[in-house]
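Q: Hi, got a minute to go through a structure with me? I'd like to talk about the ligand and its surroundings.

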Amino acid sequence: MKELRGKDILSSFDFDRETLEHLFEEAETLRKKLSTTHLKIADSKTMATVFLEPSTRTKMSFQMAMLKLGGSVIDFQPESSSLQKGESDLDTMKIIDGYSPDIIVLRQSKPFFPHSIKEEIAAPIINGGDGTNEHPTQALLDVYTIWRELKRVDGLRLGIMGDLKYGRTAPSLSYMLTFFKDVKIYYIAPKELRLREEVKEKIRNKISFVEVERLEDIEEELDALYVTRLQKERFKDPSEYERLKSSYVVNLEALNKLKRIPIIMHPLPRVWELPQEVDSLPQAKYFEQAKNGMYVRAALIKEILGI
Ligand code: NCD
């Protein structure tokens with residue numbers, strides 16, 4: 001198992017199978033304890049959340065997890081900060097780090113930004129999303145959800161659908177699944193939104209995968225279908241977004257064409273790709289998935305703080 005105490009978590013590759021299974025078990029224990037009481041184990045520890053791109057789930061679940069463990073949270077507000085006066089993101093991080101938080105959760109739009117500053121920052125950094133590159137704690141809650149729902153990860157047949165080019169959740173989820181046995185991923189996307197070559201490079205020979213353009217192209221029964229949003233804010237050409245928008249919608253009609261409806265996951269936010277009509281299916285797990293994020297992040301905080 002990897003020692004996470006005091007460590008940065010920048011990539012899904014910062015974990016291994018044993019560490020993940022330990023975190024999932026810990027998340028189960030914390031779920032039971034936190035349903036009835038708040039803990040005091042993070043008493044005197046502080047987390048700084050620095051989100052330089054919008055966030056609901058990642059930020060709130062980290063904050064709630066820290067508070068429920070008995071720790072304190074300070075949230076950096078970019079709109080009213082000196083970033084508006086032209087201060088750089090690096091200077092901002094150095095200043096926050098100077099106040100000695102025990103963990104910094106950072107979201108920034110440039111790929112590999114946390115990797116580029118980590119030597120200058122004393123506090124452990126958790127990467128809450130670095131542009132199109134990675135979102136390792138999203139993968140953590142995704143794999144935790146699969147582990148909880150299916151009672152296994154080995155042998156998984158998973159479809160990952162949507163914006164695989166600009167989305168950061170598909171790469172991180174794929175990297176994390178390389179730690180498990182006999183997993184097969186079907187990537188479902190129009191040609192323009194296929195997984196980037198650099199991502200395929202990192203999973204080649206570690207996991208079996210197939211790229212298709214439509215859900216109907218998959219013959220095997222899936223265990224889980226992971227739907228993602230088109231990352232509108234990252235499209236260089238807005239007309240391309242409009243053109244590709246209609247390329248896939250996972251509605252009841254599309255799902256009913258499958259031999260068996262798999263569990264349906266989504267990192268959220270959803271926009272139009274997963275209509276509300278799907279929510280009533282017992283297989284719809286995305287709200288549960290978001291809730292799971294708080295417990296598994298609490299487990300991660302506990303390990304990083306060594307408490
Ligand atoms: C994702 C993200 O920020 O990458 N959101 C999240 O953290 N749950 C997915 C998205 O924005 O599409």
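What follows is a short chat about the ligand site and the domains.

Q: Before we start, what kind of model is this?
A: It's a predicted model, where local features need pLDDT of at least 70, side-chain atom pairs count only at pLDDT 80 or more, and totals for chains, interfaces and linings use all residues. Residues are numbered from 1 along each chain as its sequence is written, and side-chain values use heavy atoms, with hydrogens and water left out.

Q: Cool. Which residues are around the ligand?
A: Among them are Arg57, Thr58, Arg107, His135, Arg168, Arg229 and Pro267; a residue counts if one of its heavy atoms lies within 4 Å of the ligand.

Q: And how does that shell split by class?
A: There are 3 nonpolar, 5 polar and 4 charged residues. Ala, Val, Leu, Ile, Met, Phe, Trp, Tyr, Cys and Pro count as nonpolar, Asp, Glu, Lys and Arg as charged, and the others, Gly among them, as polar.

Q: What does the side chain of arginine 229 do with the ligand?
A: An N or O atom there is 2.8 Å from a ligand oxygen, a polar contact (a pair of N or O atoms within 3.5 Å). The side chain of threonine 58 has an N or O atom 3.0 Å from an oxygen of the ligand.

Q: New topic: how is the chain divided?
A: Into domain 1 (12–134 + 292–305) and domain 2 (136–289), with bounds from an automatic or database domain assignment.

Q: Which of those does the ligand shell draw on?
A: At least three residues come from each of domain 1 and domain 2.

How values were computed
A polar contact is a pair of N or O atoms within 3.5 Å; within protein, one must be able to donate a hydrogen and the other to accept it, and residues adjacent in sequence count only if both atoms are side-chain atoms.
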